[in-house]
Amino acid sequence: MIISRSKELFSAAQKRIPGGVNSPVRAFRAVGGQPLFIERGEGAYLIDVDGNRYVDYVLSWGPLVLGHAHPQVVRALQRAVERGTSYGAPTELETRLAEMIASLMPSAEMVRFVNSGTEATMSALRLARAFTRRDKIIKFEGCYHGHADSLLVKAGSGVATLGLPDSPGVPRGAAQDTLTAPFNDLSAVRDLLEANPEQVAAVIVEPVAGNMGVVLPQAGFLAGLRQLTEQHGALLIFDEVMTGFRVHLGGAQALFGVTPDLTTLGKVIGGGLPVGAYAGRADIMKLVAPSGSMYQAGTLSGNPLAMTAGIETLEILRQPGVFESMTATTRRLADGFADAARRAGVAITQNRAGSMFCSFFTANEVVDWTSASRSDTALYGRFFRGMLDGGVYLAPSQFEAGFLSTAHDPEAIEQTLAAAQRAFQAL
Ligand code: KE4
């Protein structure tokens, strides 16, 4: 595979941009170090600057649930951009997207749009602290909620991938109110709540963890969090930035039948443009300025381009049968990976929820960060490069999720599974 143009561009980028990338996990540090520079995306495929074509399972880390450059999304954006890109004033589009989110996710009685998942979780925490007048929060090891100071504690995603000790630069004051527990460990949460009576404002959780690879909630875990937070007067925040409209058309809260007080969203609802949102019970959301006193603001929040792409994306996604068929394709892919690994005698644990999946290079069940971190990341790196040679672009880290889109057709799946057979055999 020729990647000489990517190499040239990477060395130029590294002179001006830290690590040559604008988000750490893109640098391929965990899987071999030479990222591919992309020319364009087309449905289920990425084409790099050297003309190599890959079936894409990163999909911009989740937003592109319809694949790259979906014609209806592109046409809607072309029409929108001719009317201007941003007004800094309300438009009907924001209300329309908020209504669509509320109709698919009834717990989202009110919605505030922001420009990233980080802004969404940062604001949701401030809101929970304002509403409860408490300071402490509980998060889970290996869960990643963006890079706001108080959430960069035992975080997943790029922090886990690079093995960073919870990032320098986070002042003690910001981290001291962040308590952590192992994912799926209800008794640890109960102990923290009892040890900090009337002090915990919220428990924030990725209801399906997607930032240590994909880790599913065990039976009763989410319902247990719901019961414990109610009992202790803390709010339950589902960070559905990744799982929203990805694991189920109504998010993980619909898949598992547990209703949070607040939900954070991003990725899919922007259809590939910068977006985030926090949403939830009207009595809590009413506290957000200017209806209430909790301040949060943003120049480009709710901008017409992100709203347009989000509306088009959810319109298409909620057509009968569309979501189900993408989920069925993901099951076929995940089963195919497991079969190929078994035939090659490679031990993997395959986790999946809706249209997100992960192959852990370990024989053990993966239920939390401790078990995920036992995966053989070097072997994952060799598998990743083998798949790249086979024309398949997986997440460049063992501790990330793979994503499917409605554009991943049987041909793309067959190509992927043929590459997986070869890549597993080569290990
Ligand atoms: P952003 O600020 O990156 O838009 O969203 C932060 C965030 C919040 N919550 C969850 C559950 C998330 O998964 C994310 C961001 N996900 C990572 C992928 N693991 C973004 C990719 C990256 O950091 O480059």
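Why is there no bond between the sulfur of Cys143 and the closest cysteine sulfur? The distance is too far: the closest one, in Cys358, sits 14 Å away. Before the close-ups, note that this is a predicted model, where local features need pLDDT of at least 70, side-chain atom pairs count only at pLDDT 80 or more, and totals for chains, interfaces and linings use all residues. Residues are numbered from 1 along each chain as its sequence is written, and side-chain values use heavy atoms, with hydrogens and water left out.

**View 1. Cys143 and Cys358, with no disulfide.** A disulfide is a covalent bond between the sulfur atoms of two cysteines. Here the working rule is a pair of cysteine sulfur atoms within 2.5 Å, and by that rule the count is zero. Cys358 is in no disulfide, its nearest cysteine sulfur being that of Cys143, 14 Å away. Cys143 is buried, with a relative accessible area of 0%. Cys358 counts as buried too, at 4%. (Buried means under 20% relative accessible area, exposed over 50%, and partly exposed in between, using a 1.4 Å probe and protein chains only.)

**View 2. The ligand and its shell.** There are 17 residues around the ligand, and Ser23, Thr118, Asn211, Asp239 and Glu400 come nearest. To make the list, a residue needs one of its heavy atoms within 4 Å of the molecule. Sort the shell by type and you get five nonpolar, eight polar and four charged residues. (Ala, Val, Leu, Ile, Met, Phe, Trp, Tyr, Cys and Pro count as nonpolar, Asp, Glu, Lys and Arg as charged, and the others, Gly among them, as polar.) Domain 1 (4–69 + 320–426) and domain 2 (71–317) each supply at least three residues of the shell; those bounds come from an automatic or database domain assignment.

**View 3. Zooming in on the ligand's oxygen atoms.** Ser23 has a polar side-chain atom 2.6 Å from a ligand oxygen atom. For Thr118, a polar side-chain atom is 2.7 Å from an oxygen atom of the ligand. Gly117 uses its backbone instead: a polar atom there is 2.9 Å from a ligand oxygen atom. Taken alone the ligand exposes 540 Å², and the protein buries 87% of that. (These areas come from the Shrake-Rupley method with a 1.4 Å probe; for residues, only the protein chains shown count as cover.)

**View 4. Val367 in its loop.** Look for Val367 between β12 (356–360) and α13 (369–372). (Helices, H or I with at least four residues, and strands, E with at least two, are DSSP runs numbered from the N terminus.) Val367 counts as buried, at 18% relative accessibility.

Key. Polar contact = N/O pair within 3.5 Å; in protein donor to acceptor, adjacent residues only side chain to side chain.
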